[in-house]
Amino acid sequence: MMADAEALYNANQRGLFRYFCRAVGHAETARDLTQDVFVRVSRSVIPAAPEAALRGWLFQIARNLALDHHRSGQRRPPAEPLIDTARPASQDTSAEVNEALASLADVDRDVFLMREVAGLGYDEIATACGLTPDAVRSRIHRTRLQLRERLSTRIAARRAKPMRQSGKSDSKRTTLNLKP
């Protein structure tokens with residue numbers, strides 16, 4: 001099956017952008033890296049392969065760009081934390097998730113993000129990361145357990161705190177009189 005760069009862009013741009021948002025933690029950088037993927041695609045010969053294999057190939061390029069970005073991170077000032085607009089969450093929770101993701105090994109983080117954020121299948125992830133599908137399954141399972149462990153204490157602490165009512169103070173409570 002022969003694909004062109006425009007068709008690959010239309011089918012995969014959003015998934016790549018979401019992957020980069022979580023992988024690098026900054027929306028502007030994610031946009032730049034997404035664009036870099038398709039610049040590289042336009043300069044290369046697109047392999048004649050099924051759609052799943054092409055997605056794996058694209059995400060292999062994306063993963064390499066994300067790893068290069070992390071390696072060169074010491075030369076750049078730190079980026080502002082990302083507020084994920086795809087799934088609204090409080091800024092604190094989003095920052096905690098980003099910290100937990102950053103604490104993972106590169107391969108584990110990439111495998112997890114490709115599955116949960118970009119929606120790739122096990123075979124596509126295996127192609128992108130140079131693993132077997134069974135290794136991908138194992139890494140995803142282990143990563144989910146690690147993230148659950150890291151985030152569970154923070155989530156439990158957040159749930160234990162009482163909810164604050166926006167715009168109202170405890171000393172000036174108003175009650176509604178619903179009788180006519």
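Which residues in α7 are buried? In this predicted model, they include V136, I140, T143, L147 and L151. Their spacing along the chain makes sense once the geometry of a helix is kept in mind. An α-helix makes a turn every 3.6 residues, so residues three or four places apart point the same way.

Helix α7 covers residues 133-160, and its length can be checked with a bit of arithmetic. At 1.5 Å a residue, its 28 residues should span 40 Å, and the C-alpha atoms at its ends do lie 40 Å apart, so the two values agree. The helix still has a bend, of about 35 degrees, at L151. L151 is also one of the buried residues of α7.

Now for the aromatic rings. The structure holds three aromatic pairs. In one of them, Y19 and F20 have ring centres 5.4 Å apart and planes at 55 degrees; planes from 30 to 60 degrees apart count as tilted, so this pair is tilted. With a relative accessibility of 0%, Y19 counts as buried because the cut-off is under 20%. F20 has 0% relative accessibility too, so F20 is also buried.

Y19 pairs with F59 as well: the ring centres are 5.8 Å apart and the planes stand at 75 degrees, so this pair is edge-to-face. This second contact links distant parts of the chain, with Y19 in helix α1 (residues 5-24) and F59 in helix α3 (residues 51-71), 40 residues apart. Both Y19 and F59 are buried. Put together, Y19, F20 and F59 form one aromatic cluster.

Another ring has a charged partner. The charged end of R115 sits over the ring of Y122, 4.6 Å from the ring's centre.

Note on methods:
Residues are numbered from 1 along each chain as its sequence is written. This is a predicted model: local features need pLDDT of at least 70, side-chain atom pairs count only at pLDDT 80 or more; totals for chains, interfaces and linings use all residues. Side-chain values use heavy atoms; hydrogens and water are left out. Rings of Phe, Tyr and Trp (its six-membered ring) pair if their centres lie within 6.5 Å; planes under 30 degrees apart count as stacked, over 60 as edge-to-face and the rest as tilted. Buried means under 20% relative accessible area, exposed over 50%, partly exposed in between (1.4 Å probe, protein chains only). Helices (H or I, at least four residues) and strands (E, at least two) are DSSP runs, numbered from the N terminus. A charge sits over a ring if NZ of Lys or CZ of Arg is within 6 Å of the ring centre and within 35 degrees of the ring normal. The expected span of a helix is 1.5 Å times one less than its number of residues. The bend at a residue is the angle between axes fitted to the seven residues ending there and the seven starting there.
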